[in-house]
Amino acid sequence: MASIRKRGPYQWEVRIRKKSYPTQSKTFSRKADADQWARDIESEMTRSVFMSRKETESTTLDEALERFKEEFLSKYAQPKSMKSRVKVLREHDICKMALASIRGKDVASYIKDREDQGRCSQTILHEVNQISRVFEISRKDWGMESLTNPTKGVNKPKQNKGRTRRLDKGEENKLLEKLPDELKPIVLFALETAMRRGEIAMLRWEHVDLKKRYVHLPKTKNDEARSVPLSPTALEILKSIPLQIKGGCIPSPPRHHLKVV
């Protein structure tokens with residue numbers, strides 16, 4: 001079924017013909033790689049599990065990232081930060097590679113390059129997760145079923161431990177003394193609920209259940225919905241805020257006040 005012929009001093013062309021399957025061909029610089037590829041394809045055809053690699057071998061990671069940006073970016077909670085992450089990835093040599101040729105060692109090399117550049121573990125994890133996301137979308141949504149995700153099994157940087165420190169009473173009092181009145185409800189509510197600033201800004205009254213004492217966050221930084229219980233203090237803060245026809249539960253303060261804090 002497989003024929004391998006030498007093309008020039010540094011190229012080996014493999015051509016596989018089998019009934020019921022389209023002819024498969026590929027060129028390699030090493031005969032050992034040509035032999036291995038031929039064995040893999042023939043084995044898949046024999047076991048009736050063969051899927052064409054044509055698209056995965058002609059699509060680079062850079063092209064896949066561009067398509068992701070156009071089709072999926074707007075669906076995520078923080079498209080701006082994700083767009084920035086995609087831009088950083090596209091500047092690396094790994095993006096010149098075809099999806100089918102990227103292996104775990106290539107992802108590991110990318111991680112090392114970013115560590116050598118002094119990037120923190122969290123940043124690198126986000127970038128590797130972005131590579132993983134594109135591979136999964138390519139496989140599930142774009143019909144490239146033969147792809148394997150090269151980020152699986154790679155030793156990734158250890159994730160930083162979450163922050164657990166809270167303001168002590170003296171620090172909290174000093175902060176509140178310096179705050180403009182417009183900011184006090186926001187800061188107090190954040191201290192009581194541990195919600196992020198963006199989550200508080202997007203909070204709407206339809207997400208608040210005052211009787212059951214919780215707020216529901218349908219869209220968070222991690223793209224996962226969650227519910228946050230309300231302490232008596234948090235509940236009183238919400239009740240003290242006048243209802244607004246438009247906008248969120250807690251009115252946004254002037255931007256110059258945010259800069260001061």
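Which elements do the buried residues of α8 pack against? Notes below, starting there.

1. **Helix α8.** The buried residues of α8 pack against α7 (169-178), α9 (197-201), β6 and α10 (232-240). Contact here means heavy atoms within 4.5 Å. Along α8 (residues 184-193), the buried positions are I186, V187, F189, L191 and T193. Buried stands for under 20% relative accessible area, exposed for over 50%, and partly exposed for what lies in between (1.4 Å probe, protein chains only). Right after α8 comes A194, with a positive phi near 60 degrees.

2. **Ground rules.** This is a predicted model, so local features need pLDDT of at least 70 and side-chain atom pairs count only at pLDDT 80 or more, while totals for chains, interfaces and linings use all residues. Numbering runs from 1 along each chain as its sequence is written, and side-chain values use heavy atoms, with hydrogens and water left out.

3. **Confidence.** Mean pLDDT (the predictor's confidence in each residue, from 0 to 100) is 83 for the protein chain, and 87% of its residues reach 70 or more. Among the elements, α5 has the highest mean at 95, and helix α11 (residues 255-260) the lowest at 47. Over residues 256-261 pLDDT stays under 50, and the model has seven contacts beyond four places in sequence for them. Where pLDDT is low, the predicted coordinates should not be read in detail.

4. **Overall make-up.** The protein chain has eleven helices and six strands; these are DSSP runs numbered from the N terminus (helices H or I, at least four residues; strands E, at least two). Of its 261 residues, 34% count as buried.

5. **Main core.** The largest nonpolar core has 27 residues, and L61, L65, F68, L99, F135 and W142 have the most contacts inside it. By nonpolar core I mean a set of buried Ala, Val, Leu, Ile, Met, Phe, Trp, Tyr and Cys residues joined through side-chain atoms within 4.5 Å. Two or more residues each come from α3 (61-71), α4 (79-90), α5 (104-116) and α6 (121-140), and α6 gives the largest share, six residues. Apart from this core lies another of 22 residues, including L183, I200, L238 and C249.

6. **L147.** This residue sits in the loop between α6 and α7, yet L147 is buried, at 7% relative accessible area. Leaving aside neighbours within four places in sequence, L147 is in contact with T56, L99, A100, F135, S138 and R139.

7. **Salt bridges.** The whole structure has 19 of them, taking a side-chain nitrogen of Lys or Arg within 4 Å of a carboxyl oxygen of Asp or Glu. One joins R114 and E127 (2.7 Å, N to O). Since R114 lies in α5 and E127 in α6, this pair ties together parts that are 13 residues apart in sequence. R114 is buried at 6% relative accessible area, and E127 is buried at 3%. Elsewhere, R5, R7, E13 and R15 form one network through salt bridges that share partners.

8. **The sheet.** Three strands make an open antiparallel sheet in the order β4-β5-β6, where pairing requires at least two DSSP bridges between two strands. β4 (208-209) and β6 (226-229) are the edge strands, each pairing on one side only. Four bridges join β5 (residues 214-217) to β6, and L217 stands opposite R226 in β6.
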